[in-house]
Each structure stands twice: as C-alpha cells, then as structure tokens.
Amino acid sequence: MSSTQAGLEGVVVAETELSDVDGDRGQLIVRGYEIEDLVGRVSFDDVCALLWSGQLPEGAERDRWSAGIARGRCAAFELLPSLGNALTLPDGMDALRAAIGLLSSTGDVSRDANLVTGACAVFAAAWARRQRGQEPIAPDTSMTHAADYLHMLSGGPVASARVEALDAYLCCVVDHGLNASTLAARVVASTGSDLVSAVVAGIGALKGPLHGGAPGPVLDMLDDIGSPGRARPWLAEQVAAGRRIMGMGHRIYRVRDPRAAALEREAARLEASGKAGERLPLARIVEREAEALLAERHPERKLRANVEFYTAVLLEAIGIPRTLFSPTFAVSRVAGWCAHYDEQRRRGRLMRPLSTYVGPGRSTKYKVQSTK
Ligand code: COA
C-alpha cells in the first residue's frame, strides 16, 4: 500500500446494528428500515427512539421518548447563563463545540443522550439569535424536537409545512454508517471516555467542508451561478481549475445518494406549498450539469449529488440561515453519535488502528549529536 492509499477505507473496525450504507445500490438502512420509509412518515423524536432502543415507539411510548428529549432541551436552556462566551463565537460549529464541551456527563447514557440532543438544538438556536442581537427563547415541552427548534429560532408560530420538512431532514441525516464524525465519536467511546467528550469529537469532525460543512458553500455556489444559462460555464471553470464542486461526490456511494432524492422531494413539497422560494429549478440544472462535467473529467469515478446538495436547498426553503446549516446537521446527527457511543461502550474494544511508517529509521538510521 502506498502512503497516498493508506487509510481506513474498506477496513472494518466495528460491528453495528444501527445503520448500513450500500454504496453500489444507493441504499441506506437505519435499524432495519430503508431511509425512504422513515423520511416524511415518522418524527425525529421517533427516530431517536428507534436508534436508542431498536424499536419505533407507538402510542404513549412516543410521548415518553419525546418528553425525554424535551427535558434535555429544558435542562440545556437552564445552562445557557453558565456557558461564558461560547455562544458569542462567530462560527456556529465553533460555538456549538465550545458550548457542548461545557456540559458534564452524568454517566447515565440515556440521560446524557437526552441532554446533548436537547442541548444541540437549544445552543444552535440561541447562537443564531445572538448573532442577530436577539435573546434566546425558552423551549416548549409540548412540541416535537423539530417544531421546537424552529420555534426557538423564530419565536413565533411555525407553519406545519416547515416543521414537516425539518422533521424529514432531521430523520434523513441522523445516522449513516461509520462516517468520519461517527468514527471520531466511537474512537472516544472506545477509550471508556464519557458521552459528552464523544459528541465534542463528532462536532469537530462534522465541521469539515468534506463532511458536514458543504451545504453552506452549495448555496454560495447557487447564488454565484444565479441563472440556468451560467451553470455550465461556471462549473466548467471550477472543474478546469481543479476545484471541487460542493455537494457532489461521495466516498461510499457510486450512485446518487438516496438521501439527496428524499430531500429533493421534501424541498419540492415545500416549494409547491407556497411557503418557500423557488430554488429547486436552478439546483436541478446545476446538479445535471455538474454530473455531466464531472463524468467527463473523472470517467473512472461516479461523482453524483450527495446529501449536502439538497440539504442546502431544503434548509434554505425552511428558512434556516446558511450559517446554521452545519449546526443543524449536528442537531440531527448527535442522536446517531449517542447511539454509536452506547453500542461501542457495550460491545466494542479499544480502537487502536495501525499506521504504516514511511519515515527514516528502519533502513537509514539517524544518529543523535549530543548538544551538551
Ligand atoms: N468535485 C470535483 N472533483 C471531485 C469531487 C467534486 N465534488 N469529488 C471528488 N473529486 C475528484 C477529486 O478531485 C479527485 O480527483 P484527482 O484524482 O484528479 O485528484 C477524485 O475525484 C477522487 O477524490 P477523493 O477525494 O479521493 O474522493 P473521496 O472519495 O475522498 O471524496 C468527498 C469524497 C465527499 C470528500 C468528495 O467527493 C468531495 O470533496 N466532495 C465535495 C464536498 C462535499 O460535498 N462533501 C459532503 C460529503 S457528504
């Protein structure tokens, strides 16, 4: 293996019952359900219950799970005054990482999972409001997590079409095999460390533009392109300059990311309801042109739209500011990190992969000159 090939690609480092990604068939399974079956049919609170317990809740059980997450939001809101200047940091992911880092684990995984899941929504909303010079809004325990996130952001009544669309988004991205941030969280869990530390590691990995940081730049790209006629020349210039087209390509998928289709459908529904602008027609043209150009440039590699492409379109349609796109990803994925934390602690061992040493010392040894 050459140094450029070295990595964790294709290496199995954990067994999981949580989710599975089939990159050739474009299939994502979460706890036995295809993602298309969950999105738009169940709430994010239900999906948390599914991930954390293995079963979709019914009847009073649904309320019990929702109430647990709502308690987490309330507990997090009480902690806002003790977060120092964490939520004044200009970058939303820096602010979220700093604020979550100030939480203390209780050692009870269920309680901690509710707390960090509630806290991600409360802190992200409070950060966004502070950016606009507004006071934070207290959570409403009668609402689902998605509805309350939008309520804590805007302060006013929230259209049900927007809540449904956000619920769909949060369900869609909650877990995705051993992606980079989940691996980071599992490595921390494997050392026996606490859940809050694992979540902080996850946020750090998610921040990167090759992982959860792409949707903001996707929207910048659509803004820059502006009109359908400019799509091809704009993209061609980027590709010729060797730049990456954000929202395109995936390490695992060799076909279109199934989550892109689910989110595109939700964006279409929201735009048709008249509750959003009309970004979708341009986005579809940009996707088509980007796919064609990338196929010419990389015929050996199928570079198709990934989840972030239509995340950008959907979150904008919901009314979430683009600076809050990555933190909103964390509002969902935190539930996946919690489930992986629990699974790793129950079943896993210390993760200690190997590296291939390619520096000097094996055949050519350096000699230390004494400086004394
Ligand atoms: N635009 C242009 N070229 C791309 C590309 C993109 N979006 N994605 C991959 N490529 C090219 C690379 O430049 C590289 O070309 P080279 O061999 O000539 O240097 C080749 O494809 C392989 O890239 P590599 O980085 O090894 O592939 P990967 O499997 O690691 O890539 C991503 C996965 C997601 C990191 C990559 O597709 C990417 O950067 N996408 C844009 C960012 C994004 O949307 N991230 C969200 C992911 S959900």
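This report looks at a small strand region, one helix and a surface patch in a predicted model.

**The strands**

Let's start with β1 (residues 19-22) and β2 (residues 27-30), which run antiparallel and are joined by four bridges. Within this pairing, D20 faces I29 of β2. Strand β2 also pairs in the antiparallel sense with β3 (residues 33-34), over two bridges. There, V30 stands opposite Y33 of β3. Each pairing forms a hairpin, and the turns compare as follows.

| Hairpin | Residues between the strands | Turn residue with positive phi |
|---|---|---|
| β1 and β2 | four residues | G26, about 65 degrees |
| β2 and β3 | two residues | R31, about 45 degrees |

As general background, side chains in a regular strand alternate between the two faces of the sheet.

**Helix α13**

Further along the chain comes α13, a helix of 18 residues (280-297). Does its length fit, and what should it span? At 1.5 Å a residue the expected span is 26 Å, and the end C-alpha atoms lie 25 Å apart, which agrees. Its buried residues are L280, L282, A283, V286, E287, E289, A290, L293 and L294; note that two glutamates, E287 and E289, appear in that list. The cover over these buried residues includes α10 (215-225), α11 (228-240), α12 (258-272) and α14 (307-318).

**A nonpolar patch**

Back at the surface, V11, V13 and L178 make a nonpolar patch of about 220 Å². Of these, V13 sits in the segment before β1. V13 counts as partly exposed because its relative accessibility is 34%, between the 20% and 50% cut-offs.

Definitions and conventions:
Residues numbered from 1 in each chain as written. Predicted model: local features only at pLDDT ≥ 70, side-chain atom pairs only at ≥ 80, totals over all residues. Heavy atoms only, no water. Expected span 1.5 Å × (residues − 1). Buried < 20%, exposed > 50% of the residue type's maximum accessible area, 1.4 Å probe, protein only. Contact = heavy atoms within 4.5 Å. Pairing = 2+ DSSP bridges. Patch = residues over 30% accessible without salt bridge, like charges linked within 9 Å, V, L, I, M, F, W, Y side chains within 5 Å. Areas by Shrake-Rupley, 256 points an atom, 1.4 Å probe, with all protein chains shown as cover. Salt bridge = Lys/Arg side-chain N within 4 Å of Asp/Glu carboxyl O.
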